[in-house]
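Welcome, and please get your viewer ready for a short walk. At each stop you will hear what to select and what to look for there.

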Amino acid sequence: MKRLHLYFKRLWQRVLNPSVVQAAIAFVVGCIFIAAAIVLSLNGINDVGAYFCYFFALLSLVYIGYICVYGFPKVKQRTLEFAARYEFTSNLVKNYGYRTVVIACASVALNAAYAVYNSAVALHYSALWNGLFAVYYILLCALRGTFLMDKRKKARALTKDERAGLSAKKYVRCGIWLIMLTLLIVANIVSMSVAGAGRRQSGYLVIAAALYTFVRFGLAVRNIRKAKKQDDFSIKALRNIGFADALVALFVLQTSMLVSFGENHAGYAAFSRTMGIATGTAVCAIMVFMGIYMIVSGRRALKDEVKNV
């Protein structure tokens, strides 16, 4: 009996102080139970198995909340200790510029996947909306890829002042590209007004996409605020591109939600068109403002550099 009591005491301490791997496993399993509970609830399933799933989903929600609030500092500390063992993860945690470049590489891969998907949908269904977004994501891949390739090839062979001048020039070019990409969004708004936008998707898929998009937008806002404190214009440019990409993702999400959930409602077509034009115009205005700001601030930095020479 004493041995059993000691075992449960150790187990309870492990629950209260999970390792990084245990916390990650608990988070994934908890999310699975919560997602399963949502699916069962939406389908009106209320048998014994469903109630067990609801119970474990509730426990999972409580435990995930505990990890986020009370256990996060401990998990964070253990994660940092684990990351310090390896050069890649250590640089990823400690070096903001390095982390920005790695995230930009992942974003290029994600944009390429979006471009392939939209190209396939555009060809199969003759959908102008998806075709325009395929072109948009291809150009976005090229823009990010140009920054990454320039950073890899040229920056190492230049002095600090030369690198600063080069990054400022690239910053100006990025502003021009953002304004040019806005033209594709305008074309999408026009095509949506004339021929409709997107295709109806599964409700679960749209909900998952909404969760991902809102998290992505929140991170983009956080990153663009942190990037303002950086002196490297390349880092600022990559973060600005990420923010513009997140804005467009919000526009696409709104359109997908309206198409997937609003077709059976009266006045859907007029409401969808109005919301699409309003949101698309707002996104274009913000992107144009960002582009102009980048051009002006980049040229100002170049003029200051010439004066200091």
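**Stop one: the pocket**

Helix H8 gives the largest share of the lining of the largest pocket, namely eight residues. This is a predicted model, so please read every value on the tour as computed from it.

Select H8 (203-227) together with helix H5 (96-125) and helix H9 (233-261): each of these helices supplies at least two residues of the lining of the largest pocket. To find the middle of the pocket, show Ile103, Leu219, Ala220, Asn223 and Arg239 as sticks; among the 22 lining residues, these lie nearest its centre. How much volume does the largest pocket have? The value is about 710 Å³.

**Stop two: the whole chain**

Zoom out and colour by secondary structure. The protein chain has 10 helices and zero strands, so a viewer's strand colour should stay unused. Followed from the N terminus, the elements read α-α-α-α-α-α-α-α-α-α. Next, colour by accessibility: of the 309 residues in the protein chain, 35% are buried.

**Stop three: a salt-bridge network**

How many salt bridges does a search of the whole structure find? The search finds two. Select Asp245 and Arg144 to see one of them, where the side chains meet at 3.5 Å, N to O. Asp245 belongs to helix H9 and Arg144 to helix H6 (residues 128-153), so this pair ties together parts that are 101 residues apart in sequence.

Keep Asp245 on screen and add Arg216. The side chains of Arg216 and Asp245 also meet in a salt bridge, at 2.5 Å, N to O. Because Arg216 sits in helix H8 and Asp245 in helix H9, the pair ties together parts 29 residues apart in sequence. With shared partners, the salt bridges join Arg144, Arg216 and Asp245 into one network.

Are these side chains buried or exposed? Asp245 and Arg144 are both buried. For Asp245 the relative accessibility is 2%, so this residue counts as buried. Arg216, at 14% relative accessibility, counts as buried too, because the cut-off for buried is under 20%.

**Stop four: Asn118 and Val135**

Go back to helix H5 and pick Asn118, which lies in that helix. Asn118 has 8% relative accessibility and therefore counts as buried. Now add Val135 and draw a distance between the two C-alpha atoms: Asn118 and Val135 are 8.8 Å apart in space, with their positions 17 residues apart in sequence.

**Stop five: a nonpolar patch**

Switch on the surface and select Val48, Phe52, Phe55, Phe56 and Leu59. Together these residues make a nonpolar surface patch of about 510 Å². Take Phe52 as your anchor in the cartoon view; its place is in helix H3 (residues 48-83).

**Stop six: two cysteines**

Finish with Cys31 and Cys174. Which of them is buried, and which is partly exposed? Cys174 is buried, with a relative accessible area of 0%, whereas Cys31 is partly exposed at 32%. A disulfide is a covalent bond between the sulfur atoms of two cysteines. The structure holds zero disulfides, so there is no such bond to draw here, because the test asks for a pair of cysteine sulfur atoms within 2.5 Å.

How values were computed
Residues are numbered from 1 along each chain as its sequence is written. This is a predicted model: local features need pLDDT of at least 70, side-chain atom pairs count only at pLDDT 80 or more; totals for chains, interfaces and linings use all residues. Side-chain values use heavy atoms; hydrogens and water are left out. Buried means under 20% relative accessible area, exposed over 50%, partly exposed in between (1.4 Å probe, protein chains only). Patches are made of residues with over 30% relative accessible area and no salt bridge: like charges are joined within 9 Å, nonpolar side chains (Val, Leu, Ile, Met, Phe, Trp, Tyr) within 5 Å. Accessible areas come from the Shrake-Rupley method with a 1.4 Å probe; for residues, only the protein chains shown count as cover. A salt bridge is a side-chain nitrogen of Lys or Arg within 4 Å of a carboxyl oxygen of Asp or Glu. Helices (H or I, at least four residues) and strands (E, at least two) are DSSP runs, numbered from the N terminus. On a 1 Å grid over the protein atoms alone, a cavity is a set of points where a 1.4 Å probe fits but cannot get out, and a pocket is an open set with protein on both sides within 12 Å along at least five of seven lines; lining residues have an atom within 4 Å of a point. Grid points are joined across faces, edges and corners, and a volume is the space filled by probe spheres set on the points.
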